[in-house]
Amino acid sequence: MPLTLSRVSRTRLAVTAAATAVLAVGAPAAYASLDTDTRAHGTTTTSQVSRGEAYTETRLLFGTERPDGGPDVTDKQFMKFIDDEVTPSFPDGLTVQDGRGQWRDSNGKIERERSYELILLYPTSQAHKRDALIEEIREDYVKEYAQDSVARLDDRLRVDF
């Protein structure tokens, strides 16, 4: 008995073939776009427009619970710290966001606490100078509010104001 395909089988086969063809054509373009991360490599593809200047973004994560059992850092205390310790070094602007954090303290206990994220943007050409100022901010907060640490994240990107 000869092998024949029903109309439904032929339709399924045609749809499967079409989907495979679309994936085969689209996959190289999708993978190529993964190789053109402008933040990491500073290059762009011909379809992308390069805007802005080279900047560094630093994010600092401040906890509010004190490992020594003292009272939590209040909003008023934190904003005074920003005004006194951060703004003089970064007068052009900054962003503060409220957060909730979780981390393992120096005693091995999981801590959950209210936190703040400070975002600083500055020209990458000033990164060396700004590094010392940022480290001073971190050290001052740890000392003033009896913290174990202030987390720091740095990333290079392009910024256009």
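On a 1 Å grid over the protein atoms alone, a cavity is a set of points where a 1.4 Å probe fits but cannot get out, whereas a pocket is an open set with protein on both sides within 12 Å along at least five of seven lines; lining residues have an atom within 4 Å of a point. Grid points are joined across faces, edges and corners, and a volume is the space filled by probe spheres set on the points. The model analysed in these terms is a predicted one, in which local features need pLDDT of at least 70 and side-chain atom pairs count only at pLDDT 80 or more, while totals for chains, interfaces and linings use all residues. Residues are numbered from 1 along each chain as its sequence is written, and side-chain values use heavy atoms, with hydrogens and water left out.

One cavity of 30 Å³ or more is present in the structure, and the largest cavity encloses about 40 Å³ of space. Its lining consists of E65, P67, W103, D105, E111 and E113. When Ala, Val, Leu, Ile, Met, Phe, Trp, Tyr, Cys and Pro are counted as nonpolar, Asp, Glu, Lys and Arg as charged, and the others, Gly among them, as polar, this lining comprises four charged and two nonpolar residues and no polar ones. The largest pocket holds about 250 Å³ of space and is lined by 17 residues, of which L61, F62, G63, W103 and E113 lie nearest its centre. W103 and E113 are thus found in the lining of the largest cavity and also in that of the largest pocket. By class, the pocket lining has seven polar, six nonpolar and four charged residues.

The secondary structure amounts to four helices and four strands, where helices (H or I, at least four residues) and strands (E, at least two) are DSSP runs numbered from the N terminus. Read from the N terminus on, the elements follow the order α-α-β-α-β-β-α-β. Strand 1, strand 2 (95-104) and strand 3 (110-123) each contribute at least two residues to the lining of the largest pocket, with strand 2 giving the most, namely six residues.

Two strands are taken to pair if DSSP finds at least two bridges between them. On this basis strand 1 and strand 3 pair in the antiparallel sense over nine bridges, and Y55 has P123 of strand 3 as its bridge partner. Strand 2 and strand 3 also run antiparallel, joined by 10 bridges; within this pairing G101 is partnered by E113, and V96 stands opposite L118. These two strands form a hairpin with five residues between them, and G108 in the turn has a positive phi of about 90°.

Within strand 1 (residues 53-63) lies T58. Buried means under 20% relative accessible area, exposed over 50%, and partly exposed in between (1.4 Å probe, protein chains only); T58 counts as buried because its relative accessible area is 0%. With contact defined as heavy atoms within 4.5 Å, T58 touches L118, I119, L120, Y122, I134, R152, L153 and D154, residues up to four places away in sequence being left out. The side chain of T58 also makes a polar contact with the side chain of D154 at 2.5 Å, a polar contact being a pair of N or O atoms within 3.5 Å, of which, within protein, one must be able to donate a hydrogen and the other to accept it, and residues adjacent in sequence count only if both atoms are side-chain atoms.

Q77, in helix 3 (residues 75-86), is partly exposed, with a relative accessible area of 29%. Its side chain reaches the backbone nitrogen of T74 at 2.8 Å, and Q77 touches R66, D72 and Y145 when residues up to four places away in sequence are not counted. Although Q77 and Y145 are 68 residues apart along the chain, their C-alpha atoms are separated by 9.6 Å. A146 lies in the loop between helix 4 (127-144) and strand 4 (151-159) and is partly exposed, with a relative accessible area of 29%. The phi of A146 is near 50°, a positive value in a residue other than glycine. Most residues other than glycine have a negative phi.

Over the whole protein, 22% of the 161 residues count as buried. Among contacts between residues at least 6 apart in sequence, 69% join residues at least 24 apart.
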